[in-house]
Amino acid sequence: MSYWDVPERPLEPPEEHPVGYCDHCGGEVYEGDTVYRIDGQCIHDDCLEDFAKDYFADCKEEVEVCVKARAWTDDC
Ligand SMILES: [Zn+2]
């Protein structure tokens, strides 16, 4: 019996292959990760806030205007 007969095992688990890439940061997305699919884009859970700020930049407006608009529509 010899320890040298034991097949060498890799120290690290088998390399995971990314299933996609985040369209915000370009980072890898792995199976099991939480992502948002927005307009066909894949966004990390962690990147959503930054992404949303860019994505909805056109929707940004002064609160005062928003409150006024709410009086006429529920879409605000
Ligand atoms: Zn990301």
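From the N terminus onward, the elements of the protein follow the order β-β-β-β-α-α, and the model in which they appear is a predicted one. The protein thus holds four strands and two helices, with the strands preceding the helices along the chain. Of its 76 residues, 7% count as buried. As for contacts in the protein with a separation of 6 or more, 7% of them are accounted for by residues 24 or more positions apart.

The pairing of strand 3, which spans residues 35-38, with strand 4, which spans residues 41-44, is antiparallel and extends over four bridges. Within this pairing, Tyr 36 of strand 3 stands opposite Ile 43 in strand 4, while Arg 37 stands opposite Cys 42, likewise in strand 4. In general, the side chains of a regular strand alternate between the two faces of the sheet. The two strands form a hairpin, with two residues lying between strand 3 and strand 4.

One of the residues in the turn of this hairpin is Asp 39, whose place is in the loop between strand 3 and strand 4. The phi of Asp 39 is near 55 degrees, which is a positive value in a residue other than glycine. Most residues other than glycine have a negative phi. With regard to its surroundings, Asp 39 counts as exposed because 7 C-beta neighbours are found inside 10 Å, where a count of 12 or fewer is the criterion for exposure.

A further exposed position is found towards the N terminus, where Glu 16 lies in the segment before strand 1, the latter comprising residues 20-21. For Glu 16, 10 other C-beta atoms lie within 10 Å, and this residue is therefore exposed under the criterion of 12 or fewer. The C-alpha atom of Glu 16 is separated by 8.5 Å from that of Glu 31, a residue 15 positions away along the chain. Both Glu 16, with its 10 C-beta neighbours within 10 Å, and Asp 39, with 7 inside 10 Å, are thus assigned to the exposed class, the former in the segment before strand 1 and the latter in the loop between strand 3 and strand 4.

Notes: Residues numbered from 1 in each chain as written. Predicted model: local features only at pLDDT ≥ 70, side-chain atom pairs only at ≥ 80, totals over all residues. Buried ≥ 20, exposed ≤ 12 C-beta atoms within 10 Å, placed from the backbone. Contact = placed C-beta atoms within 7 Å. Pairing = 2+ DSSP bridges.
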